[in-house]
Every structure is written in C-alpha cells, then in structure tokens.
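Visitor: I should like to learn how to read the features of a protein model. Could we begin with a single strand and work outward?

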Amino acid sequence: MSMTDVLIVGAGPTGLVLACDLARRGVAVRIVDRSPAPPRTSRAKGPNPRSLEILDDLGVAEEVLAAGSAPLPMLKYRDRRPVAEADPWADSAPSPDARYDRGWLISQWRLEGILRDRLAGYGVRVEPGREVVGLAQGQDGGDGGHVDVTYADGPAGRARYVVGCDGAHSSVRKLLGITFEGTTAEDQVMVCGDVDLADGVLDRTRWHQWFDEDGAVMLCPIPGTRTGWWFQAGPERDGRGRPLAPTADGFRRLLAHHTALPGRDLTRAELLSTYRVNVRMADRFRAGRVLLAGDAAHVHAIAGGLGMNTGIQDAFNLGWKLGLVLAGHADAELLDTYEEERLPVAARTLDLTSERLRATLEAIRRPGGGLDTAITPDTTGLGVGYRWSSLAAGDRAPEAEQPGPHAGDRTPQAERPGPHAGDRAPDAPCAYAATGARTRLHRVFAGPRTTVLGFGPGSAAVLRETADAYGGGAGVRVCRVYAAHEDRAGAEPGAVVDDAGHASAAYGTGASGDTGAGTVVVVRPDHHVGVLGPADDARSVREYLRRLHGTGRSAERSPGMVDAVR
C-alpha cells in the first residue's frame, strides 16, 4: 500500500489552500473529494482582506482580483421603493500595513478553479468521487506512524496525516467520534440560488436589498457574467408557516412580491439551496494524526461572510506546521498549537457572527436597514492573532495569555507601539537595497519560510548567526531592514530599505538607524509574529527557531520547498 504524507479530504477552498501550501513545501499530498466533479456553487461571496493576503502568499491574488470585483454599494428598498444606500467601504483605503482594505466578490467555484490550477502546477490534482468511509490509526495514543484510509469504492490508502476539510457534515469528524455541539435555528431560513435576470432590468453596480415586514429579497450581480445574479430571500411558507423548498417559480413569485420587477424577468434559476443558521463547533480539532479544518471544525451564522474565510485561515495556520513536522525539523507536538490557536478563534467567530446576525435582523426591521450592519472591522480578519499561544514567545500581553471572550482579536494596548508576539505581522512598502526595486514586507515573507527581520545596526550579529545556522534550505530567511539614512554599502542579499519609515512605524522600532541594540522580529510562515525584542537577545531567537526548525544545518532533512511563482 503506497504511503502519502498528507491526505486532505474535501476539495473546497479550505482543502485547496492547505494542499497548495503543502505541495509548495515538497510534501507528498493527495486531495480527495466525494463529489464526482467540482461543484459549481456560489455559496461564499469571496475572500476578506486577511484571506487575500494568504492568496497573495500563494501567488494567486492577482488572478482572484481579475476574476472578481470590488464589493458593491448596497441599495436598500422598502415597499418596492429605494429608501437608502450604504457603502460600508466608503471610508476605507489601503494602508501601508495592510494592502487589502476590503474583501472581494468572486464565485466560490471560480476561486476553487484558480486554486486547483495552482495546485496542478505542483503536479497535484483533486481526485473526485472518493468518499472516505473508514480511518484506522495506530493504537499507541493515536501516533502509530500512519492512518489507514478506506474508501467507499476503490483501493484503500495510507497517509502519515489526514486532514478533514469536508464540510459541516464531515465524514472525517464523524469517523473520529468528535462531537459537534451547538444549535440549528430551524426558523432562521434563507433560500439561495444563482439566477439570470433579463438584461438591463437592474443596475449591476449595486447590491439590491428589499426588506419588508413579511420577507426579503437580495440580488447581487455575479462578477464575470452579464445577466447572472446571486439570489437570496426569505422562503415562501405553507399554510402552517413552514418554509417551502426553493424552486424557480417560487423565486419568481418572491421577486414579483417584493420588487418592482415582474416574475418573468427571472429567466433562469439553478444551484437552489436552503440555508439554516447553524452555530456549532467541534470540541477538538486534532485526534492523533487526524485533524479538522474549516466547516468540518466549526459552522456559524452567515453574517459577516466569515465561513470560507475562517477555513482558509485555518489551512494557512496548519500547513506550515505539518510541513515542518514532516520535514523532521519540528516535533509532532507543534501540531497541538493548531488547535491551541484556532479553536479559540473559531469560538470567537461563532460569537461575533451570531452578534452580527442579531444586529442585522434588528436593523432590517426599520426602513433603510440592510446587510451593511453585518460588516465591521472585526470581519476583515486582519485583527486576528494568537497572543495566548505557546508560540508567542515572550512579550505576551498579560490579559491575553489565556483565551478569553475576545480571543482572536488584537486589543488596543496602552503599551509600546507595534505588534506583540502572536499578532499578525504588519505589511509595509519598502525597496530592495541592491536594486531599488519596490517591494513590500509581505512580499519578503511570501513563500514557505520563517523570516527573521533585523532593524538597526545592532541586529547584524543575530542575522549573521541565523544565516550561518539555517542557510541553504532549512526554511529560514533573514532580512535586514535599513533606515533611509543608514549606510547600505555591502548590504546583505535580500536586504530592504525602509525609505518612508513605514516598517519602523509598523513594528514600533523607532528610527532603525539609531544607536542601540536594534530590534529583531521572527515572523512565522503564516505572517504572525513569533518573537519581537532587542536584537542583542540572540538566545530568544535561537530557541524559537530551534523549536520550529531544529538545529539548522544538522536537521534531519530539508524540505523540497518551492517558492510561489510571482
């Protein structure tokens, strides 16, 4: 029986992001899906700013942006008449520390296609029609060296690790016996589908939202189509008040009832589905060599659009950890930090989306209320961090050492400026010292490596020590960040110039060229700060890198990593 390193079950956005991240690390990965062909679905409307950063790291953000469109202003109606317009993004703009200030509209099937193409570039293709019906691990605490996998049809398989990305009804989760506690609001129901409207009957530069006392219809244009729209509505109900299943004729009746359009203007309806508000979470995300991610681990209210995005961010947290463990650099205990970090974030997301749903349902009771109520700074994903994590070395904010009711949010501090260990590492525009070409710190971080940034002349020694220990394929890069006024003669390869001071401002290092110890920042492969401190504290850097990457040149083996094609 052939062995693969990682078997991913489920080829939605979560599984595809994980597969891409692992494949570029040289990990032997298979990805299977029970569907006989890729589903053409528009369930999720697109990535939020944090997910766009991840897609950028994977080398596909530009294609995603080209295939989709910016989020649209919302035109809201009452009794068929427009009563208000809102643009939740009107006051937002890209900033030096965050290139993406808003999410992006793109059909989920189109995003999946882009990710499948990227994965195929690494020689890996989704295996359709493969339903997992059995998992068997070793008996010694679940760490028997492999997992045997049984399929409904075809030969069995074997993998060192299995990751269930197979949705809310996850077979992997059920086979593990992991509970999925929570609630289903049977009366909070929405019918959805992709429809065509007669050409020109609605302005395609707006997301149209009719909210009446007896129901609602929402129509958002599907990017890349001329007449396609996402249709969402409160369901028709029978004489006893029970919701009816969605049908094309039912959509036409809803359209005619709530809007000024005749039902015949809806010329096609497909991918019909019923959505019920489910708020559930697995009680653990890891059982030995099997892990859960995305909807297999947590589902929540649709408000804020965080479902697909939370799964993508799960995958980006897990991928580098699996990669380092499989490469022999890190102990398997590193995988425990996946649950340690992502379970509190999932719990917070359940709370956040439930609160946004409550606020939205309250808002739409009044004329002019709409889905803009669901959109807050919390829904960008940029504030999610892990200050409580055991991977946040030193400098941990005391109140965030343990996951609390706001776990996953970066709370403003009255302390020194800049991120703390566990926070998302800020972006910043800069220039390569050798060529003057423009770049950004997130571009420097891109690819499957840990990055050690050095600010100030005092950081030279720790950068040199790190390069000596980990240069040549052990998954660590070093980058000296020069201030505009510093002498850059003999600058190290890959060094950058903080010519506008944005990097030093973002990381709270002051003027990088000032005398003193300087600052060193260890940035994890998922763009989160592991260590931030004075550059003369080489010991903290050394110990942190040893935990993730072993002892460098003496590590067991180096992964065959492949940087994303830029």
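Guide: Let us do so, keeping in mind that this model is predicted. In strand β6 (residues 147-151) the side chains alternate. V147, V149 and Y151 point to one face and are buried, while D148 and T150 point to the other and are not.

Visitor: Which residue lies over the face of Y151?

Guide: That residue is R130, at 3.8 Å from the ring centre. A similar arrangement can be found elsewhere: the charged end of R173 sits over the ring of F180, 3.6 Å from its centre.

Visitor: How many bridges join strand β5 to β6?

Guide: There are 5 bridges between β6 and strand β5 (residues 132-137), and the two run antiparallel. Within β5, A136 stands opposite D148 of β6. Strand β7 (residues 157-164) also pairs with β6 in the antiparallel sense, over 3 bridges. There, R158 is the bridge partner of D148. The hairpin of β6 and β7 has 5 residues between the strands, and G154 in this hairpin takes a positive phi near 90 degrees.

Visitor: In what order do the strands of the open sheet lie?

Guide: The 7 strands follow the order β17-β16-β20-β19-β18-β21-β22, with mixed pairing. At the edges stand β17 (438-440) and β22 (529-534); each has a single partner strand, so one side of each is left without a neighbour in the sheet. On average, neighbouring strands of this sheet are turned by 30 degrees against each other, direction ignored.

Visitor: Which helix packs on the sheet?

Guide: Helix α10 (residues 460-470) does, touching β18, β19 (476-483) and β21. The direction of α10 makes about 160 degrees with that of β19. Two of the strands touched, β18 (residues 450-455) and β21 (residues 519-523), pair in the antiparallel sense over 5 bridges. In that pairing, V521 of β21 is the bridge partner of L453.

Visitor: How many aromatic pairs does a search of the whole structure find?

Guide: The search finds 5. One of them joins Y77 and W210: their rings are stacked, 4.4 Å centre to centre, with 15 degrees between the planes. This pair links distant parts of the chain, for Y77 is in strand β3 (residues 74-78) and W210 in strand β9 (residues 207-212), 133 residues apart. Both Y77 and W210 are buried.

Visitor: Is the pair of F285 and Y338 stacked or tilted?

Guide: F285 and Y338 form a tilted pair, 6.1 Å centre to centre, with 45 degrees between the planes. F285 lies in the loop between β12 (266-282) and β13 (286-287) and Y338 in helix α8 (residues 336-363), so the pair ties together parts 53 residues apart in sequence. Both F285 and Y338 are buried.

Notes. Residues numbered from 1 in each chain as written. Predicted model: local features only at pLDDT ≥ 70, side-chain atom pairs only at ≥ 80, totals over all residues. Heavy atoms only, no water. Phe/Tyr/Trp six-rings, centres within 6.5 Å; stacked < 30°, edge-to-face > 60°. Helix = DSSP H or I, 4+ residues; strand = E, 2+ residues; numbered from the N terminus. Buried < 20%, exposed > 50% of the residue type's maximum accessible area, 1.4 Å probe, protein only. Lys NZ or Arg CZ within 6 Å of the ring centre and 35° of its normal. Pairing = 2+ DSSP bridges. Axes fitted to C-alpha atoms, helices over the stretch in contact; angles between N-to-C directions. Contact = heavy atoms within 4.5 Å.
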